[in-house]
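Q: Please take a close look at one part of this structure, a sheet together with the helices discussed alongside. A connected description in formal terms would be welcome.

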Amino acid sequence: MKRISIDPITRLEGHGRIEIFLDDDGNVANVYFQVPELRGFEQFCVGRPAEEMPQITNRICGVCPEAHHLAATKALDQVFGVTPPKAAQKIRELLYMAFFVTDHTTHFYALGGPDFIVGPDAPPTERNILGVARKVGLPVASQVIACRARNHQVIKILSGRGIHPAAGVPGGWNRRVSEEERREIAAAAAENVKFARFSLQVFRDLVLGNPAYLEMIFSDVYLHRTYSMGTVDAHNRLNVYDGEIRVVDPDGAEFLRYGAERYQEHIAERVEPWSYLKFPYLKKIGWHGFVDGPESGVYIATPLARLNAADGMATPLAQEEFEQFYATCGSSRDGTGRFRPVHHRLATHWARLVELLYAAERMQELAADPEICSPEIRNLPDPGQFRGVGIGSVEAPRGTLIHHYETDPRGILRKVNLIVGTTNNHAAIAMSLKHAATQLIRGGEVITEGLLNRIEMAFRLYDPCFSCATHALPGAMPLKVTIRNRSGQLLQLLQRE
């Protein structure tokens, strides 16, 4: 049996590899998506004071520290039984919108975008941010850099640091916003709206305007019918900061709706021996392996999933793009008037840009609200309201993020569980890779670099962050070191349980 290794896979956060096994006829027999790194945050946080978690967990990843910072802070609100003032809640969401803009910009232009802007079959040395800059021109590249710079400045204004936020505390926020700062943030938000609309036009021109790309997006190579998860507001519109988690079935009917504090009633996790990353699934259906369809417990929690789970967007320009997205993807409306889900996974890149526009518009709304300058930004915890258990949730750019803490009476952590966006998508990523490999690799055909990159595109669309996702269950950290000679024969296996 022939083995093809894509190691390391590229343009992602963290480390991973793809192992493809071919049968004697040269067809795909199996595909393994392996995450070899282990961070173990759930374990080494035990024994720490709970109030340290917003500062500890935002070091999980340098790309999405704001998501962990706010999920941790929201969990601490529950641990200490305190509700933040409205001004603090708005400041938190304002910071999160600035972060969402920077993160989605990074993925489109630096991680996922090169496959379309430069081309999936271009040499690897060109499929990167420098290749994108050469293709779209330096003025456009300058806009990308400026977008990230101004939003990191907003994050610094609101939280004290431009990379790892430091302002989240139980019951609120520890940094006030002045009127001058509010005006600066409002100006940045207005620029973000322009940039988001520009990026959507880039996508229309370079991707939707290319018949070959359209054929690839809507082909069966990247098609899976699964459940979709996302957070929605009271009107079932997308909300990435707060709301209830909604799961819709492959046809779009609501399957579950629950507050994050009830996630254990609906989500279970399993492990496989070939990865440190866990596989969540829907408890009500159960685990039936790496299969899709309504009888499978596998779901996705991506920008595409969030759009599928929502009835619409909460901002006007994003709503226009939402409707154009589903119309172009050929989605019809069901009996309730909502669009049926889109299951063509490469359309996730487009959905991400719709979310980029939503975040920019929502940031503009919040920056125009004078209440964010209120001095009332924290309610101090009352020892009599201490609960010792807290579950905080936000929609990270990669998917639904949950922080679950349990403490002793002194507030010292004795249990930590993190379910991050990439973990939610892990089973779907594995399925997408195998499906793409099976469709693209045919016996007797030459396997090119471009073909292997098209297989990588099946994971890259999920924007996975393995730095966030990897930790052991139920706390053991097994380590295996395999030593082979040049012909692949096993010489020695070193193992620690």
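A: The following account takes the sheet first and the helices afterwards. The model is predicted, so local features need pLDDT of at least 70 and side-chain atom pairs count only at pLDDT 80 or more, while totals for chains, interfaces and linings use all residues. Residues are numbered from 1 along each chain as its sequence is written, and side-chain values use heavy atoms, with hydrogens and water left out.

Helices (H or I, at least four residues) and strands (E, at least two) are DSSP runs numbered from the N terminus. Two strands pair if DSSP finds at least two bridges between them. The sheet is open and consists of three strands in the order β12-β13-β14, with antiparallel pairing. Its edge strands are β12 (389-396) and β14 (413-419), each of which pairs on one side only. From one strand to the next, the twist averages 10°; axes here are lines fitted to C-alpha atoms, for helices over the stretch in contact, and angles run from 0 to 180 degrees between N-to-C directions.

Eight bridges link β12 to β13 (residues 399-407) in the antiparallel sense. Within this pairing, Val-389 has Glu-406 of β13 as its bridge partner, and Glu-395 has Thr-400. The hairpin that joins β12 to β13 passes through two residues.

On the other side, β13 and β14 pair in the antiparallel sense over six bridges. Thr-407 stands opposite Leu-413 in β14. The hairpin of β13 and β14 has five residues between the strands, and Gly-411 there takes a positive phi near 85°.

Strand β13 is mostly covered, eight of its nine residues being buried; buried means under 20% relative accessible area, exposed over 50%, and partly exposed in between (1.4 Å probe, protein chains only). Helix α3 (residues 65-79) lies across β12 and β13 and runs at about 150° to β12.

Helix α3 is also one of the elements against which the buried residues of α7 pack; contact means heavy atoms within 4.5 Å. The others in that list are α4 (86-112), α6 (129-136), β5 (172-173), α8 (179-208) and α13 (348-367). Among the buried residues of α7 are Val-140, Val-144, Cys-147, Arg-150, Asn-151 and Leu-158. Helix α7 (residues 138-159) has 22 residues and should span 32 Å at 1.5 Å a residue, which agrees with the 31 Å between its end C-alpha atoms; the expected span is 1.5 Å times one less than the number of residues. After α7 comes Gly-160, whose phi is positive, near 95°.
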